[in-house]
Amino acid sequence: MNALPELLFDKSRPGKTGYSFESDPIPETEQYVDPELQRAGIADFPSLSEVEIVRHYTNLSHLNHSVDSGFYPLGSCTMKYNPKVNETIAAMPSFTNAHPYTPHHLVQGNIGIMRDLEARLCAITGMKAFSLSPAAGAHGELTGMMLIRNCLSHRGNPRRIVLVPDSAHGTNPASAHFAGYNVKEIPSGPDGVLEPHTLREHLDKDVAALMLTNPNTLGIFERHICELATALHENGSMLYMDGANMNALMGIARPGDLGVDVLHLNLHKTFATPHGGGGPGSGPVGVADHLAPFLPPPVIPKQDGSGPRYHIPDTIGRIKNFYGNFLVMVRALAYLMSLGRSGLRNVAEDAVLNANYIRCRLSELLDLPYQSRTLHEVVFSDKGLPVSTLDIAKRLLDYGIHPFTIYFPLIVHGAMMIEPTETESLETLDLFVTAMKEILTEAESDADMVRNAPYNTPLRRLDEVQAARHPVLRWQPREQE
Ligand SMILES: *Cc1c(COP(=O)(O)O)cnc(C)c1O
């Protein structure tokens, strides 16, 4: 087992330094800060040589599992491989050095990138306009719900209720609540999709919208979506589609054609920006015509030479400073340009193919509660297993594989939500299937061994309750005697 590395504070030895400039102290006449206000040093600031610091951080980086180091089938998160060319382009100084306050006539190229990306996202989704401002998926959801609220208020009544199926992503009810709505959960049917009669039972003049994750968290396409949209529209309600998993649909189905009023995408899932470390991300929001007047500023001009529009009479207001996370947009456009139209469709087809391969291979070993055909991910249950879903997830770490999403969605007992993505080869998928088979064999013969996994990681089982309730997020100097 690897040992957990010491902290820099522990490795510190007095007198060591990374740099030693031979220089005289700054003469008092050239000092801009009153010497009385200057601090002599920082308590317990670590002293190390440069090479020790480099090794420390390099070794720390190797403790992380990442898409670049191994298979990462974390369901709903689309941990696909992100081509390095996107990074190279986004790191070009002309992009990284552009200040967000630069006069717009000096950054027409950058504005053009946003315009081009918006146009491509409209083409992919069938929506009429996009805002690139939101910084994440959940932020896009909030923006979308605010757009619905604003539009309905303009029609005279914002209404009170948002319906969310039990197969929706967990952020959906939270976003509706944040936008001031009461959330009502409604059940999905026996084949894992929302049925129109269920929607109709809950539809009245107080319902502002339905938030539909599609494909839903079971990885199943909501095949009644057109009928759902019609029922909503007849009632004066709107359809929000959570499009974070557009990886399964792009080039094949356009939400705008299916009756969706507003949706968000996750550039940091579908459009190849590395994620998992907490950002930056981007959750663009696409709207049908009737919601476009309410979009947040800045609205990117459709023509060269003009500046972004900030004065939008009916806007929901600013939701992010400046233009949003511009470098994520650069990556997304680079990704889209390198793939082209047919490449994009291949992505979706291969993502679905890979998930169905895993589904077929593992359904001999694991319980598959919903038999409907799946798209980009597949969800198994822990039914009949001698160990828990958590035990299997932990044991996978010993095989060098990042676990799948566990215990979500809640409608599946002990859920194992597996999303391989299109960037994995047949060999990798087979390695994963073999690892799962071996773990299940181990569980039959020696359940305790699996229950005590992992063995090869720097730390074994963490106290997750303690970590959530009492996180220690920073090092503090020891009390001075
Ligand atoms: C990831 C995800 C979200 C939330 O996106 P964040 O960028 O993490 O806020 C919402 N819905 C679905 C279906 C997702 O997979």
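**Cavities, pockets and salt bridges**

In the predicted model, the largest cavity is lined by Met114, Glu118, Phe130, Ser131, Leu132, Ser133, Pro298, Ile300 and Tyr323. Helix 5 and strand 1 (129–131) are the elements that contribute two or more residues to this lining. By class, the lining of the largest cavity comprises 6 nonpolar, 2 polar and 1 charged residues, and the space enclosed amounts to about 50 Å³. The search of the whole structure returned 2 cavities of 30 Å³ or more. The second largest cavity, with a volume of about 40 Å³, is bordered by Leu218, Leu368, Tyr370, Thr374, Val378 and Val379. Its lining consists of 5 nonpolar residues and 1 polar residue, with no charged residue.

Glu118, one of the residues lining the largest cavity, also takes part in a salt bridge with Lys302, in which the closest N and O atoms are 4.0 Å apart. This pair links distant parts of the chain, since Glu118 belongs to helix 5 and Lys302 to the loop between strand 7 (285–287) and helix 11, 184 residues apart. The two partners were assigned to opposite classes of accessibility: Glu118 is buried, because its relative accessible area of 7% falls under the 20% limit, whereas Lys302 is exposed, because its value of 63% is over 50%.

Open pockets were examined next. The largest pocket holds about 1,100 Å³ of space. It is lined by 37 residues, and those closest to its centre are Leu63, Asn64, His65, Leu397 and Pro458. Two or more lining residues come from each of helix 2 (50–63), helix 12 (389–398) and helix 15 (464–469), with helix 2 giving the most, namely 5 residues. The lining of the largest pocket divides into 18 nonpolar, 15 polar and 4 charged residues. Leu63 also belongs to a nonpolar surface patch, together with Leu4, Ile53, Tyr57, Leu60, Leu459 and Leu462; the combined accessible area of this patch is about 610 Å². Within the patch, Leu459 is situated in the loop between helix 14 (447–451) and helix 15. Leu459 is classed as partly exposed, because its relative accessible area is 43%.

The second largest pocket contains about 350 Å³ of space. Of its 13 lining residues, Arg120, Ala123, Ile124, Arg341 and Leu344 lie nearest the centre. Helix 5 (108–125) and helix 11 (326–362) each supply two or more residues to this lining; helix 11 gives the most, with 6 residues. The lining of the second largest pocket is made up of 6 nonpolar, 3 polar and 4 charged residues.

Across the whole structure, 17 salt bridges were identified. Among them is the contact of Asp191 with Arg223, at an N to O distance of 2.7 Å. Asp191 lies in the loop between strand 3 (182–186) and helix 8 (196–202), and Arg223 in the loop between strand 4 (207–213) and helix 9 (225–234), so the pair ties together parts 32 residues apart in sequence. Asp191 is partly exposed at 23% relative accessibility, and Arg223 is partly exposed at 47%. A further salt bridge joins Asp430 and Arg361, with the closest N and O atoms 2.9 Å apart. Here helix 13 (residues 426–445), which holds Asp430, is linked to helix 11, which holds Arg361, the two residues being 69 residues apart. Asp430 is partly exposed, with a relative accessible area of 25%, and Arg361 is partly exposed, with 24%. In addition, Arg395, Asp398 and Glu442 are joined into one network by salt bridges that share partners.

Notes: Residues are numbered from 1 along each chain as its sequence is written. This is a predicted model: local features need pLDDT of at least 70, side-chain atom pairs count only at pLDDT 80 or more; totals for chains, interfaces and linings use all residues. Side-chain values use heavy atoms; hydrogens and water are left out. On a 1 Å grid over the protein atoms alone, a cavity is a set of points where a 1.4 Å probe fits but cannot get out, and a pocket is an open set with protein on both sides within 12 Å along at least five of seven lines; lining residues have an atom within 4 Å of a point. Grid points are joined across faces, edges and corners, and a volume is the space filled by probe spheres set on the points. Helices (H or I, at least four residues) and strands (E, at least two) are DSSP runs, numbered from the N terminus. Ala, Val, Leu, Ile, Met, Phe, Trp, Tyr, Cys and Pro count as nonpolar, Asp, Glu, Lys and Arg as charged, and the others, Gly among them, as polar. Patches are made of residues with over 30% relative accessible area and no salt bridge: like charges are joined within 9 Å, nonpolar side chains (Val, Leu, Ile, Met, Phe, Trp, Tyr) within 5 Å. Accessible areas come from the Shrake-Rupley method with a 1.4 Å probe; for residues, only the protein chains shown count as cover. A salt bridge is a side-chain nitrogen of Lys or Arg within 4 Å of a carboxyl oxygen of Asp or Glu. Buried means under 20% relative accessible area, exposed over 50%, partly exposed in between (1.4 Å probe, protein chains only).
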